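I kept a few notes while looking through this one, and I am happy to share them. Have the sequence and the 3D view open as you read.

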Amino acid sequence: MGKYRIALAGNPNTGKSTLFNTLTGLRQHTGNWTGKTVAKAEGEYLHNEQGYIIVDLPGTYSLHSNSADEEIARDYIIFEKPDVTVVVLDATAMERNLNLALQVMEMTNNVVVCVNLIDEAEKKGITVDAGKLSHSLGVPVVKISARNKTGLKQLLDTIELVAKGTLEPKPYQVRYSDSIEKMITALEPEVKKLFQDAYPIRWVALRMLDGDKSLLETLQQNYKTPSMKEVFVNGVSFSQ
């Protein structure tokens, strides 16, 4: 039986690396991401006699093309297609952290939201209702304290269910203004022609609307598609 691949995503200082170290122990190695000076940490753990490879993605506040860290995290989720992406949130700063979770949910359905630092939240009188949050987001939500090793079994059980397809998340999708939604709808058939189902169509359309041409070049290189022809939507050009 092959090993499932898990990606850990999250803002800086959410305890993501603490969780990674707790799960992998000495079964990890570090290096650099290919062609980058950014450190890469990868490890393994065993749960219910099933092996998992887990990658600690660089801590980022978004998954756009604003920095090497953001590009690495984004590209890993899109091109490596991990079996599960665990988004680690800081229970004391939920509103700020949820932005990244929503971005990941536009890229993949196989998402587990991990609310870390619940011990710190309790000290501050903050309560997180995992059930309500899960219902709103459409993905499983697990509360943990990586430092105290609280809630880890539930997290690993949940990751296992999603990895095996027993639990199928249905992530909430952000709805934009009517004008943007119309442009997304107009772009989606063009994206489908270019990449078939290799990438999440709505997400690629959104990146095109952002004018992220470097991403489109990267998508094409990985998909080995001919250079994108000029696409017009409501008079707006999306050529390279």
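Which residues does Val204 touch, not counting residues up to four places away in sequence? I looked this up and found Val191, Phe195, Tyr199, Leu216 and Leu219. A reminder to myself: this is a predicted model.

**Entry on the cores.** I then looked at where Val204 belongs. The largest nonpolar core has 50 residues, and Val204 is listed with those that have the most contacts inside it, as are Leu57, Val113, Val115, Leu137, Tyr199 and Leu219. Helix H3 gives the most to this core, with 7 residues. I also found another core lying apart from it, with 24 residues, including Phe20, Val88, Val112 and Val142. I jotted down some background here: nonpolar side chains tend to be buried together in soluble globular proteins.

**Entry on helix H7.** Two of the residues that Val204 touches, Val191 and Phe195, are buried residues of H7. The other buried ones I noted in H7 are Glu181, Met183, Ile184, Leu187 and Leu194. H7 covers residues 178-195, and its 18 residues reach 25 Å from the first C-alpha to the last, close to the expected 26 Å. Where is the kink in H7? I found it at Leu187, shortly before the proline Pro189, with a bend of about 30°. Just after H7, Gln196 takes a positive phi of about 55°.

**Entry on Asn97.** Next I went to helix H3, residues 94-107, where Asn97 is found. Is Asn97 buried or exposed? Its relative accessibility is 1%, so Asn97 counts as buried, the cut-off being under 20%. I found that its side chain makes a polar contact of 3.1 Å with the side chain of Asn11. Leaving out residues up to four places away in sequence, Asn97 touches Asn11, Thr14, Val88, Leu89 and Asp90. I recognised Val88 from the 24-residue core.

**Entry on the strands.** I turned to strands S2 (residues 28-32) and S3 (residues 39-47), which pair in the antiparallel sense over 5 bridges. Gly31 stands opposite Lys40 in S3. The hairpin of S2 and S3 has 6 residues between the strands, and there I noted Gly35 with a positive phi near 75°.

My last stop was Gln50 in strand S4, residues 50-56. With a relative accessible area of 2%, Gln50 is buried. How far apart are Gln50 and Glu160 in sequence and in space? They are 110 residues apart in sequence, and 8.8 Å apart in space, C-alpha to C-alpha.

Methods: Residues numbered from 1 in each chain as written. Predicted model: local features only at pLDDT ≥ 70, side-chain atom pairs only at ≥ 80, totals over all residues. Heavy atoms only, no water. Helix = DSSP H or I, 4+ residues; strand = E, 2+ residues; numbered from the N terminus. Buried < 20%, exposed > 50% of the residue type's maximum accessible area, 1.4 Å probe, protein only. Polar contact = N/O pair within 3.5 Å; in protein donor to acceptor, adjacent residues only side chain to side chain. Contact = heavy atoms within 4.5 Å. Expected span 1.5 Å × (residues − 1). Bend = angle between axes of the 7 residues up to and from the residue. Core = buried A, V, L, I, M, F, W, Y, C linked by side-chain atoms within 4.5 Å. Pairing = 2+ DSSP bridges.
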